[in-house]
Amino acid sequence: MNDTPQLGIGIGWRPEIADTVEALPGVDWVEAVAENLCTGHLPDSLVRLRKRGVTVVPHGVSLGLGGAERPDAGRLADLAERVEALGSPLVTEHIAFVRAGGALTASPVLEAGHLLPVPRTRDALRVLCENIRIAQDSLPVPLAVENIAALINWPDEEMSEGQFLAELVERTGVRLLIDVANLHTNKVNRGEDPAKALDELPVEAIAYVHVAGGIERDGVWHDTHAHPVTAPVLDVLSELRARVAPPGVLLERDDDFPPATELAGELTTIRETITAASARAGRREPGGMCRTVPGDTDTDTDAARGRLALSQTALLSSLVAGTPVPEGFDPRRLRVQSHALAAKRAGVVAKVAPDLPEILGKGFRPAFLAYAAHTPMRAGYRRDALDFAESLLIEGRPEDSAARRRLTLWWRERAAARPPRRATRLLRVARAALAGR
């Protein structure tokens, strides 16, 4: 893959640290979350960076390439528009599913609100390969896909992470975005050896590398992107550099942003880690690349989609709607994952609707987590914020009358003339139950 662009050292561009990113020394490129960009009104900061010659790579989070359904044509078109607006040399997404249900299962669509791991099975690989080919054909530049962090194990997996990625590259020619923090996460949470994964995957297919921080709680590693990069993650980066010189390395930070000096220090540490590891760097012969799957037919893939849809829907329903734990999963880990999804929702809702935590104060987070425990997200985070506020008002909350008046006014300005009465709410629940049969 000699046409892979040489990116250098970069950092994730976020609106909260836009000025800091512009001022940081030695930043060769940035990555921006694609869904947070409007092609007709790019942030001034990104426009200035591009004029300086800084490469901007859009990073998608909502395609759900690992899901049972084929990629949505509208989402692909939006991603392609962002690529062209930014003049990017490549675009990236995740090996994950983010929604389940729908036509393949004759059930309502469920949204995870976050990235969930695909099972490393032949069925999942067959579906993922076709979805990636569809995406590749729809995008104007090469696609790279990222390995994700996982809190849970799928039962009856047939391949290791390295084997799964190697076969994916061989079948599709897709590039890889390797997140070394996610490899470390899977070491702690799933008992997987990052060095073994690096030995098995085709390192020559790497487009670039992510480095990020996290924290361990109760024996579980949480890939927070809100903590400093740890030594074990840098060790995995060193292991990777000993095998190949990655075209780019990027520091990710999504929350609890530190001062500019700390970000600069982390970038320096990444550079020093790469330099030190280059002394023992080795080379591997490139593997063969092909774009067909011998023996696969449309019928094979359609059948695999149906089986994958059922298993992913059962898992996601357990995580976001409280249905029984599917057979073979660890109930404790599913509780951890369910809480993590709800916490992620709470955090994003607080950002897209900052008035809610202001109105509710310390009661916002516990109230939202209680709401999320039995109410799946149905149409994105802004709709989620409205539904949450509606549920509180129907219950006569918050108890403080002034706060309740403020919440009512906030809801009316964004949703309707008045909150629905209890009878209307019960009717909606009944209709949803009938639709789900």
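Okay, quick definition to get going: a residue counts as buried under 20% relative accessible area, as exposed over 50%, and as partly exposed in between. Cysteine 38 comes out at 41%, so cysteine 38 is partly exposed. Keep those cut-offs in your head, we'll use them a lot. And keep in mind that what you're looking at is a predicted model.

Let's stay with cysteines for a second. Cysteine 129 sits at 0% relative accessible area, so cysteine 129 is buried. Now, a disulfide is a covalent bond between the sulfur atoms of two cysteines. How many disulfides does the model have? The count comes to 0.

Salt bridges, then. For those, the count comes to 25. I'll walk you through a few of them.

Start with glutamate 16. Glutamate 16 pairs up with lysine 351, and their closest N and O atoms are 3.9 Å apart. A salt bridge needs that nitrogen within 4 Å of the carboxyl oxygen, so this pair makes the cut. Where do the two partners sit along the chain? Glutamate 16 is in the loop between strand S1 and helix H1, while lysine 351 is in helix H11, so this salt bridge ties together parts that are 335 residues apart in sequence. As for the surface, glutamate 16 has 48% relative accessibility, so that one is partly exposed. Lysine 351 also has 48%, and it's partly exposed as well.

Next one: aspartate 384 and arginine 345. Here the closest N and O atoms are 2.8 Å apart. Aspartate 384 belongs to helix H14, residues 381-394, and arginine 345 to helix H11, so the salt bridge ties together parts 39 residues apart in sequence. Are these two buried or exposed? Both aspartate 384 and arginine 345 are buried.

Then there's arginine 190. Its salt bridge is with glutamate 192, with the closest N and O atoms 3.4 Å apart. Arginine 190 has a relative accessible area of 11%, so arginine 190 is buried. And that pair belongs to a network of salt bridges, which links Arg120, Glu157, Glu161, Arg190 and Glu192. If you have the structure open, go find those five residues.

Okay, now to charges on the surface. Which residues form a negative surface patch? Glu35, Asp72, Asp78, Glu81 and Glu84 do. Let me pick out one of them. Aspartate 78 lies in helix H3, which covers residues 73-86. Its relative accessibility is 39%, so aspartate 78 is partly exposed.

Let's move on to the backbone. Take the peptide bond from arginine 397 to proline 398: that bond is cis, with omega near 0°. You'll find proline 398 in the loop between H14 and helix H15, and H15 runs 401-414.

Two more backbone spots, both about phi. Aspartate 218 has a phi near 55°, which is a positive value in a residue other than glycine. Aspartate 218 is in the loop between strand S10 (215-217) and strand S11 (220-222). With 73% relative accessible area, aspartate 218 is exposed.

Histidine 225 isn't a glycine either, and its phi is positive, about 60°. Histidine 225 sits in the loop between S11 and helix H8, residues 231-243. But is histidine 225 buried or exposed? Its relative accessible area is 9%, so histidine 225 is buried.

Last bit: distances in sequence and in space. I've got three pairs for you, and the distances go from C-alpha to C-alpha.

Valine 348 and tyrosine 381 are 33 residues apart in sequence, and 7.0 Å apart in space. Valine 348 is in helix H11. At 18% relative accessibility, valine 348 counts as buried.

Second pair: arginine 365 and alanine 342, which are 23 residues apart in sequence and 9.9 Å apart in space. Arginine 365 is in helix H13, residues 364-372. Its relative accessible area is 39%, so arginine 365 is partly exposed.

And the third pair: arginine 412 and valine 336. They're 76 residues apart along the chain, and their C-alpha atoms are separated by 35 Å. Arginine 412 is in helix H15, and with 45% relative accessibility arginine 412 is partly exposed.

That's my tour. Questions welcome!

How values were computed
Residues numbered from 1 in each chain as written. Predicted model: local features only at pLDDT ≥ 70, side-chain atom pairs only at ≥ 80, totals over all residues. Heavy atoms only, no water. Salt bridge = Lys/Arg side-chain N within 4 Å of Asp/Glu carboxyl O. Helix = DSSP H or I, 4+ residues; strand = E, 2+ residues; numbered from the N terminus. Buried < 20%, exposed > 50% of the residue type's maximum accessible area, 1.4 Å probe, protein only. Patch = residues over 30% accessible without salt bridge, like charges linked within 9 Å, V, L, I, M, F, W, Y side chains within 5 Å. Areas by Shrake-Rupley, 256 points an atom, 1.4 Å probe, with all protein chains shown as cover. Lys, Arg positive; Asp, Glu negative; His and termini not counted. Charge placed at Lys NZ, Arg CZ, Asp CG, Glu CD. Disulfide = S-S within 2.5 Å.
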